[in-house]
Amino acid sequence: MAIIISSTMSDSGKSFVTAGLVRLLGGIPFKSQNMSLNSFPSEEGGEIAFIQAFQAIGAGLKPSSYMNPILLKPSSSGKIEVIFFGKSLGNLRPEEYYNMIPSFWDKIKNSIKENYVIEAAGGIEPNFMERDLTAFLPMKEGIPSILVLDIDRGGAFSSAYGVYQMLPPSIRNSLKGFIINKFRGSPSLLENAIKWLTERTGMKFLGTIPYFDEELILPEDSMNIKDFGEGSEVNIAIINYPYISNFNEFFALLKSNASVRFVNNPKKLRKDDILILPGSRNTYESLVWLKERGFLEEIRKRQVLGVCGGFQIMGKKLIDPFGIESGEPREYDGLGIFDFVVKFEEEKVVSASEGLLQDGSIIKGYEIRRGRIIYEGNDKPLLTIVRRNGKEVDVADGSLKGDKLGLSIHGSLYSKNLLENFGVKIYSRSMEEEIVYMAEKIEKIIKQNVDIDEIKEIYTQGK
């Protein structure tokens with residue numbers, strides 16, 4: 001039993017539908033390849049795309065490396081960090097990666113189990129079909145697929161017909177049905193187009209999901225960046241610099257007295273009380289961008305929270321002896337807000353982590369970083385990381401100086417309101433509880449609008 005949730009384009013709602021179907025079918029989320037800078041630690045201590053972790057947690061499962069065998073993280077100089085079954089293979093040129101796809105697929109197809117709800121990547125494209133680990137190659141293995149069509153952007157029916165015609169005749173029958181997503185209006189308006197597509201392709205119409213303005217799923221990547229929060233007491237701006245990563249952790253502020261904006265121009269900083277420097281896959285490029293855009297004066301005169309890469313940027317100096325972050329070995333000056341030095345190491349820390357604050361309280365979250373904080377001068381650690389992946393450690397971390405605050409643990413705002421002294425009130429529960437809450441809402445929406453019985457029939461046909 002297995003099914004593929006595919007589409008004709010990116011950001012059509014595949015992750016959303018997959019999250020709901022994993023719960024409804026009692027399945028396991030799976031995506032052979034995902035390109036994203038939002039990642040999460042698996043239970044084995046590996047690194048997977050955040051959205052597969054979201055789908056797993058939402059269904060009461062522990063995120064595992066086999067749920068996302070390949071994670072691609074764009075790096076500097078046109079290279080891509082390739083993470084295979086949770087472990088980094090380093091930064092590769094695209095052609096190097098493409099040459100490795102056949103060997104990757106041999107291992108991936110043998111890992112596919114029953115009960116998989118497989119999310120495809122982007123859209124099915126003619127120039128990439130034989131290298132498409134997420135849709136085309138699984139369909140060749142006999143796994144049926146349904147298309148999620150984003151009608152809000154237009155061209156839904158014509159693009160679906162185009163995909164059907166593009167596929168080799170031997171594969172076309174793998175397309176079993178389609179779901180219309182993000183629809184505004186009366187479903188009766190679609191009847192003629194639905195009939196047209198079903199008659200020409202044999203695909204079954206499986207339902208129409210309405211358009212929702214509210215946040216129903218934590219964002220997956222930079223395509224999903226948009227302002228959020230309806231609080232009127234505090235204005236927060238997240239700096240949207242190049243290689244921004246793991247920004248979805250700040251959706252802890254979705255339930256707060258704050259409104260949150262993503263900003264890429266200092267001239268747009270007007271009434272913002274707090275600036276957030278989020279994680280970054282390339283601290284060098286992000287730091288250069290901050291300076292060139294003229295953010296430094298605004299950063300120095302406002303309350304600031306930096307997390308992981310954003311925290312590292314706030315230090316005195318960053319040392320990259322292996323060129324892992326910046327593309328070539330170099331040292332560069334940070335913002336100088338704190339006195340510590342950051343040294344990037346070859347071995348990456350990927351862990352579910354717990355930190356002990358000086359007041360004795362515990363914060364929980366996760367670390368994904370190579371930067372090691374070396375304290376100098378008058379800086380004193382804000383906390384001690386005491387546990388990584390269930391093992392006891394003793395790692396100094398974090399800094400607080402006046403209205404400037406930073407730490408390395410992602411997701412900490414879900415367990416401890418570090419911004420309380422900045423006037424922020426957060427009402428969110430733990431990240432896991434909030435994810436389950438979102439997944440339950442998604443499940444309900446899917447169940448109300450989609451033919452689940454028909455999807456179950458398709459699912460049971462999957463080899």
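**Active-site pair C308 and H410**

C308 counts as buried, with a relative accessibility of 5%. This is a predicted model. An unreviewed UniProt entry annotates C308 and H410 as "active site". The two span 103 residues in sequence, yet their C-alpha atoms are no more than 7.0 Å apart, so they gather at one spot. Both C308 and H410 belong to the lining of the largest cavity.

**C308: position and surroundings**

- C308 sits in the loop that runs between strand 18 (303–307) and helix 10 (309–313).
- Its 5% relative accessibility is under the 20% cut-off, so C308 is classed as buried.
- Beyond residues up to four places away in sequence, C308 touches I368, R369, L407, S408 and H410.
- The other annotated residue, H410, is therefore one of the contacts of C308 as well as its partner at that one spot.

**H410: position and surroundings**

- H410 lies in the loop between strand 26 (404–407) and helix 11 (431–449).
- H410 is also buried, at 1% relative accessibility.
- With neighbours within four places in sequence set aside, H410 contacts N246, E249, G279, V307, C308, K364, G365, Y366 and I368.
- One of these contacts, E249, is joined to H410 by a side-chain polar contact of 2.6 Å.

**Shared contacts**

- I368 touches C308, and I368 is also in contact with H410.
- V307, a contact of H410, is the end residue of strand 18 (303–307).
- L407, a contact of C308, is the end residue of strand 26 (404–407).

Conventions
Residues are numbered from 1 along each chain as its sequence is written. This is a predicted model: local features need pLDDT of at least 70, side-chain atom pairs count only at pLDDT 80 or more; totals for chains, interfaces and linings use all residues. Side-chain values use heavy atoms; hydrogens and water are left out. UniProt positions are given in the numbering used here, feature names are shortened, and annotations may be inferred rather than shown by experiment. On a 1 Å grid over the protein atoms alone, a cavity is a set of points where a 1.4 Å probe fits but cannot get out, and a pocket is an open set with protein on both sides within 12 Å along at least five of seven lines; lining residues have an atom within 4 Å of a point. Helices (H or I, at least four residues) and strands (E, at least two) are DSSP runs, numbered from the N terminus. Buried means under 20% relative accessible area, exposed over 50%, partly exposed in between (1.4 Å probe, protein chains only). Contact means heavy atoms within 4.5 Å. A polar contact is a pair of N or O atoms within 3.5 Å; within protein, one must be able to donate a hydrogen and the other to accept it, and residues adjacent in sequence count only if both atoms are side-chain atoms.
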